[in-house]
Amino acid sequence: MTTLNPDEEALAQARQAVHAASRIAVLTGAGVSAESGVPTFRDAQSGLWASFKPEDLATEDAFRSHPERVWNWYAERRSRLQHVQPNAGHVALADFQQRHPGRLTLITQNVDGLHQRAGSTDVLALHGSIADDRWLDPCALARRPQDACSVTVAQPGQPPQCAECGNLLRPDVVWFGEMLPAEALRAAEYAALRCQVMLVVGTSGAVYPAAGLAHTARQAGAQVWVLNPHPSELDEVAHGFLRGPAAEYLPLIFGEDD
Ligand code: APR
């Protein structure tokens with residue numbers, strides 16, 4: 001009889017829990033894309049917030065006071081995303097969803113679109129999408145509030161502007177102090193309440209309401225597993241830990257039985 005070491009034991013338990021469950025919720029953060037070469041936010045040296053201040057780049061005030069600086073930061077992140085690929089972690093989740101339709105709800109804080117590029121469907125993107133833009137304000141000249149700006153003029157290194165009212169286009173992501181997309185958040189809360197297993201992958205658990213979903217799942221009786229090479233703020237709600245990289249562990253958890 002083979003004796004498993006604690007990591008192998010935890011992996012076997014997490015895999016068993018996932019494969020026994022008919023309702024699974026997976027909450028991901030920047031760590032799931034780290035092995036694709038996308039920097040996280042709070043990792044000591046490599047995290048974006050180690051070199052930049054969130055209040056200077058990821059708030060509406062920052063965009064209103066320095067639109068070109070914020071626009072160019074997002075433009076740089078967008079162009080870097082064109083040179084990265086989904087990794088084995090993204091692919092394992094997408095494959096499981098295709099093999100078992102309706103069993104896994106994928107909730108992400110990531111704006112990078114790598115889950116969707118890996119083939120995941122119905123991804124609940126709580127913090128928006130870096131690939132999309134939207135108008136900063138309603139069009140000042142529109143007769144009806146729903147009449148958005150239409151004609152854009154774009155100077156190099158500047159956010160595109162409405163040629164009529166000067167309104168700015170902004171990245172369609174959720175900045176600090178902003179509300180999350182209501183429909184996605186409602187669906188995520190519903191999934192957290194109903195899931196039998198929640199796997200929390202690659203998030204520091206520092207940002208709410210997203211991190212609150214793990215607490216909701218735990219309180220509703222779900223088994224909560226945290227996959228993260230480092231301790232996180234959600235360790236307190238976990239039944240078990242998988243201390244390793246997402247691209248290595250997710251295929252081992254969600255892969256098919258040999
Ligand atoms: N596999 C799994 N986890 C990893 C890996 C990896 N290869 N590499 C790093 N991690 C973990 C880190 O240990 C860390 O706990 O991923 C986590 C990343 O945490 P953050 O950088 O804080 O990112 P995230 O939790 O997604 O941030 C939440 O904050 O800045 C805002 O809107 C932004 O959506 C973001 C939110």
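This report covers the sheet, the pockets and some single residues of a predicted model.

## The sheet

Six strands make up an open sheet. Their order is S3-S2-S1-S8-S9-S10, and the pairing is parallel. Strand S3 (124–125) and strand S10 (240–242) are the edge strands, since each pairs on one side only. Strands of a sheet pair through backbone hydrogen bonds, either parallel or antiparallel.

Start with strand S1, residues 24–28. Five of its five residues are buried, and the strand is mostly covered. In a regular strand the side chains alternate between the two faces of the sheet. On one side of S1 sit Ile24, Val26 and Thr28. On the other sit Ala25 and Leu27. Both faces are covered, with all of these residues buried.

S1 has a partner in S2, running parallel and joined to S1 by five bridges. Within that pair, Leu27 stands opposite Ile107 in S2. S1 also pairs with S8, again in the parallel sense and over five bridges. Here Ala25 has Met198 of S8 as its bridge partner.

Strand S8 (residues 197–201) pairs in turn with strand S9 (residues 223–227). The sense is parallel, with five bridges. Met198 stands opposite Val224 in S9, and Leu199 stands opposite Trp225 in S9. Met198 therefore has a place in two pairings: it is the bridge partner of Ala25 and stands opposite Val224 in S9, a strand that is largely enclosed because four of its five residues are buried.

## The pockets

Rolling a probe the size of a water molecule over the atoms shows where empty space is left. The table sets out two pockets.

| Pocket | Volume | Lining residues | Nonpolar | Polar | Charged |
|---|---|---|---|---|---|
| Largest | About 830 Å³ | 42 residues | 22 residues | 15 residues | five residues |
| Second largest | About 280 Å³ | 18 residues | nine residues | five residues | four residues |

Which residues are closest to the centre of the largest pocket? They are Ala30, Phe41, Arg42, Thr203 and Ser204. Helix H2 (31–34) and helix H6 (67–81) each supply at least two residues of this lining. Two domains also contribute: domain 1 (1–38 + 86–126 + 180–258) and domain 2 (40–83 + 130–138 + 158–179) each give at least three residues.

The second largest pocket has Ile24, Gly102, Arg103, Leu104 and Thr105 closest to its centre. Ile24 was met above as a buried residue of S1. Strand S2 (104–108) and helix H9 (182–194) each add at least two residues to the lining of this pocket. H9 gives the most, with four residues.

## A helix with a buried side

Helix H11 spans residues 246–254. Its buried residues include Ala246, Ala247, Tyr249, Leu250, Ile253 and Phe254. Why do they lie on the same side of H11? They cover an arc of only 165° around the axis, so they share one side of the helix.

## Single residues to check

Most residues other than glycine have a negative phi, and most peptide bonds are trans. Two places in this model depart from those patterns.

The peptide bond that joins Tyr208 and Pro209 is cis, with omega about 10°. Pro209 lies in the loop between S8 and helix H10 (212–219).

Asp122 is not a glycine, yet its phi is positive, about 50°. Asp122 is in the loop between helix H8 (114–117) and S3. Is Asp122 buried or exposed? Its relative accessible area is 69%, so Asp122 counts as exposed, the cut-off being over 50%.

Tyr74 lies in helix H6. With a relative accessible area of 4%, Tyr74 is buried, because the limit for that label is under 20%. Tyr74 and Arg170 are 96 residues apart in sequence. In space, their C-alpha atoms are 9.4 Å apart. Helix H6, where Tyr74 lies, is also one of the elements that line the largest pocket.

Note on methods: Residues numbered from 1 in each chain as written. Predicted model: local features only at pLDDT ≥ 70, side-chain atom pairs only at ≥ 80, totals over all residues. Heavy atoms only, no water. 1 Å grid on protein atoms, 1.4 Å probe; cavity = no way out; pocket = protein on both sides within 12 Å on 5 of 7 lines; lining within 4 Å. Points joined across faces, edges and corners; volume = space filled by probe spheres on them. Nonpolar A, V, L, I, M, F, W, Y, C, P; charged D, E, K, R; others polar. Domains from an automatic or database assignment. Buried < 20%, exposed > 50% of the residue type's maximum accessible area, 1.4 Å probe, protein only. Arc of directions from axis to C-beta. Pairing = 2+ DSSP bridges.
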